[in-house]
Amino acid sequence: MSSVTKEAVLERLARVRGPDRTEDLVSLGLISGLNVQDGKVTFAISVPPERAPELEPMRQAAENLVREIEGVEQVIAVLTAERATPPPPEPPRLKPAGSHQAPPKGGLPKKEPIPGVGAIIAVASGKGGVGKSTTSVNLALALQAQGLKVGILDADIYGPSMPRLLGVSDKPEAVDGRMVPPTAFGLKVMSMGFLVDEDAPMVWRGPMVMSAITQMLRQVDWSPLDVMIVDMPPGTGDAQLTMSQNVPLAGAVIVSTPQDIALIDARKGLNMFRKVDVPILGIVENMSYFLCPSCGEKSDIFGHGGAREEADRMGVPFLGEVPLHMEIRRNSDGGTPVVVSAPDGEHAKLYASIASTVRDRLKAEAVS
Ligand SMILES: Nc1ncnc2c1ncn2[C@@H]1O[C@H](COP(=O)(O)OP(=O)(O)OP(=O)(O)O)[C@@H](O)[C@H]1O
């Protein structure tokens, strides 16, 4: 039994000077979400969003001091921001087509490859709830079924869903200051859900997200991986833009339902990746049609084929249609994704076909 107390942690944090190096983090009231459980310590340090990059050393100093407490096995500190007014958006560092991207400033992660990790693929949607996480997980498993070593990074800050979709309750283990990710069905998994207390009243802001994403990318033992799937946060705001600029992405898969409204948002997502020169691997139409389980009749509940038309219009590949089906929902929400629970079924075949097209597209992008 670990006897680490919150008081002991706060005592250490009181030795770390705050952003302006005048008072310490505790006196300044910057520590929130402190949680101590079985030798695992997590907390957030509130900082002005625009100063997050330069304050990365302060975050690390806090982590290191707490790690020295006897009985502490793992420490995760994230920078967060809670402000009454919205923080100024990160100025987009867009590069003109064909030129090289300027290196990011300060402590922001660089677009450097992650040692031992092959292609990093973002799965994104303009709109929430369209099945982005379900697609991420089944695509990851389908790629694995084709013999690749695959990991999945759940970057969805608003509603991390990988712990639920993959039925993972183990947290990452800390070894020599690095995190060893838990595995589920052979996939290495890291989730925002492991780093932040879901009940913690934290307001995440764009630049803050990068601190946690950087840790999940760079301080986790991912290697060796052929492919890493990143389940992106929904939307096309600053957080997503910053991420797509700073994570070394090989390509993006866009998920949309067939309705116009979802497609408009999907188009925004597509344009966002294009702006930062991330190749679009294609669009998946999820909840494309409904097959009645009793009579087999096909109904186009949300319309049908909109994503295929949109893909044509935007000049990007169409990856496939996944129906709205009880089996997919039940297995997703039950922690046994359909690709592993019914590997020979129709749905697994659909995801296998999507995975094959994604691989072809990756190869084509690599040589172009
Ligand atoms: N093809 C499908 N058929 C039936 N249910 C589905 C399908 N795809 C996703 N769902 C269900 O829809 C819900 C939302 O899916 P999911 O969490 O994957 O979406 P999301 O876009 O990642 O959502 P969020 O924006 O909230 O993270 C879940 O309950 C999931 O099981």
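How far apart are the end C-alpha atoms over residues 6-75, and what are the shares of helix and strand there? In this predicted model, the end C-alpha atoms of that stretch are 13 Å apart. The chain over residues 6-75 is 29% helix and 23% strand. An unreviewed UniProt entry annotates residues 6-75 as "domain: MIP18 family-like".

Now take the chain as a whole. Its domain assignment gives two pieces: domain 1 covers 6-80, and domain 2 covers 117-367. Their C-alpha centres lie 31 Å apart.

Next comes the nonpolar interior. The largest nonpolar core has 101 residues. Those touching the most other members are Ile 121, Val 123, Leu 139, Ile 229, Val 230, Ala 252 and Val 253. Helix 12, residues 346-367, gives this core its largest share, seven residues. Both domains take part: domain 1 (6-80) and domain 2 (117-367) each contribute at least three residues to this core.

Leu 139 is a good place to look closer. Setting aside residues up to four places away in sequence, Leu 139 touches Val 123, Ile 229 and Val 253. Tyr 351, Ile 354, Ala 355 and Val 358 are also among its contacts.

Turn to the ligand. Its shell holds 21 residues. The closest are Gly 128, Gly 131, Ser 133, Thr 134 and Arg 329. By class, eleven of the shell residues are polar, six are nonpolar and four are charged. Four elements each supply at least two shell residues: helix 3 (132-145), strand 12 (280-291), strand 14 (318-324) and helix 10 (326-333). Helix 10 gives the largest share, with four residues.

The UniProt record adds a label here. Its unreviewed entry places a "binding site" at Gly 126, Lys 127, Gly 128, Gly 129, Val 130, Gly 131, Lys 132 and Ser 133.

Two glycines from that list deserve a comparison. Gly 126 sits in the loop between strand 4 (117-124) and helix 3. Gly 128 is placed in the loop between strand 4 and helix 3. Is each one buried or partly exposed? Gly 126 counts as buried because it has 25 C-beta neighbours inside 10 Å. Gly 128 has 13 such neighbours inside 10 Å, so it counts as partly exposed. The cut-off for buried is 20 or more.

What does Gly 126 contact beyond its neighbours within four places in sequence? Its partners are Gly 235, Thr 236, Asp 265, Ala 266, Lys 268 and Gly 269. Gly 128, for its part, is one of the closest residues to the ligand.

Note on methods: Residues are numbered from 1 along each chain as its sequence is written. This is a predicted model: local features need pLDDT of at least 70, side-chain atom pairs count only at pLDDT 80 or more; totals for chains, interfaces and linings use all residues. A residue is near a molecule or strand if its C-beta atom, placed from the backbone, lies within 6 Å of it. Ala, Val, Leu, Ile, Met, Phe, Trp, Tyr, Cys and Pro count as nonpolar, Asp, Glu, Lys and Arg as charged, and the others, Gly among them, as polar. UniProt positions are given in the numbering used here, feature names are shortened, and annotations may be inferred rather than shown by experiment. Domain bounds come from an automatic or database domain assignment. A nonpolar core is a set of buried Ala, Val, Leu, Ile, Met, Phe, Trp, Tyr and Cys residues joined through C-beta atoms within 7 Å. A residue is buried if 20 or more other C-beta atoms lie within 10 Å of its own, exposed if 12 or fewer, and partly exposed in between; C-beta atoms are placed from the backbone. Two residues are in contact if their C-beta atoms, placed from the backbone, lie within 7 Å.
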